[in-house]
Amino acid sequence: MSSAITHIVRLDSVPSTSSYLATVTDALPHGAVVIAREQTAGRGQRGNSWEAEPGANLTFSLLLRPEGIRADKQFGLSEAVALGIASTLQRHLPDSEVRIKWPNDIYAGNRKICGILIENSLLGSEIRRSIAGIGINVNQTEWRSDAPNPVSMAQIAGHSFQLDGVLEDTVSAIMHEFSLPAADRHARYMELLWGRSGLTYRDSATGDVFRASIHSIAPDGMMTLAPSDGSPLRTYAFKEVAVIL
């Protein structure tokens, strides 16, 4: 089988693979990867840093050039990337419950195994290109940051993994997701949502704490929650609501 990775740039150390990739996108094709042994300023959601022991995990960015995806449908890109990673982890960790935490973190059980940060560049009303920054905890077994719930593939499986093999599997799965109908992707994304049947949330604006299930996810990524007490549906963008563990 031919590789899904069309071009790969390997770096020993870089502040951020996504920042580096953004400077060279014009010279690289759809499916190109920039991977680093070490990121010194890797970025996560909410502006957080991403802890990754050098040489033990996968810290890479994937260049995507989607065709015909409107800006208001951009969350479909997040779904494809998250589903590709989740399916790879499910294959490697068959006894673990791999789920997607809205919008696109990947959890194994109740612990975070992968973070994703997608940055889009627009051309008119369509997405010109996307950079998916991906950090997968593979072989790290000790954590030094204040991240609340990290876990790695090695911790779950009890053995280490070959990084290049996991990278190839992940990129192949992500690229495959883009060949599938958007409606099917969305249905599988909804099925894999972590805590879909009920979690405790805090409204970031009001501080209100409430229990709710996930009602729906819109094409732009907005999440609608159905409160357990039967009160009206609540719709949120990312950062407007947080899960209380």
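This report walks through some backbone details, one helix and several salt bridges in a predicted model.

## Two backbone spots in loops

Let's start with the peptide bond between tryptophan 102 and proline 103, which is cis, with omega at about 0°. Proline 103 sits in the loop that runs between strand S4 (98-101) and strand S5 (105-108).

Another residue to look at is lysine 239. Its phi is near 85°, a positive value in a residue other than glycine. Lysine 239 belongs to the loop between strand S11 (234-236) and strand S12 (241-243), and with a relative accessible area of 46% this lysine is partly exposed.

## The two sides of helix H5

Helix H5 spans residues 182-192, and its buried residues include Arg185, Tyr189, Met190 and Leu192. These four cover an arc of only 165° around the axis, which puts them on the same side of H5. As a reminder, an α-helix has 3.6 residues a turn, so residues three or four places apart point the same way. The other side of H5 carries Ala183 and Glu191, both exposed.

What lies over the buried residues of H5? The cover includes two helices, H2 (75-92) and H4 (163-177), along with strands S4 and S9 (209-217).

## Salt bridges

How many salt bridges does a search of the whole structure find? The search finds seven, and three of them are described here. In general, side chains of opposite charge can pair when their charged atoms come close.

One of these bridges joins the side chains of glutamate 177 and arginine 188, at 2.5 Å from N to O. Glutamate 177 lies in helix H4 and arginine 188 in helix H5, so this pair ties together parts that are 11 residues apart in sequence. Glutamate 177 is buried, at 4% relative accessible area, whereas arginine 188 is partly exposed, at 28%.

## Two further pairs

Aspartate 208 and arginine 234 also meet through their side chains in a salt bridge, with an N to O distance of 2.6 Å. Aspartate 208 is in the loop between strand S8 (199-203) and S9, while arginine 234 is in strand S11, so the bridge ties together parts 26 residues apart in sequence. Relative accessibility is 30% for aspartate 208, which counts as partly exposed; arginine 234, at 22%, also counts as partly exposed.

The side chains of arginine 70 and aspartate 72 form a salt bridge too, at 3.1 Å from N to O. Arginine 70 is partly exposed, with a relative accessible area of 38%, and aspartate 72 counts as partly exposed at 41%.

Definitions and conventions. Residues numbered from 1 in each chain as written. Predicted model: local features only at pLDDT ≥ 70, side-chain atom pairs only at ≥ 80, totals over all residues. Heavy atoms only, no water. Buried < 20%, exposed > 50% of the residue type's maximum accessible area, 1.4 Å probe, protein only. Arc of directions from axis to C-beta. Contact = heavy atoms within 4.5 Å. Salt bridge = Lys/Arg side-chain N within 4 Å of Asp/Glu carboxyl O.
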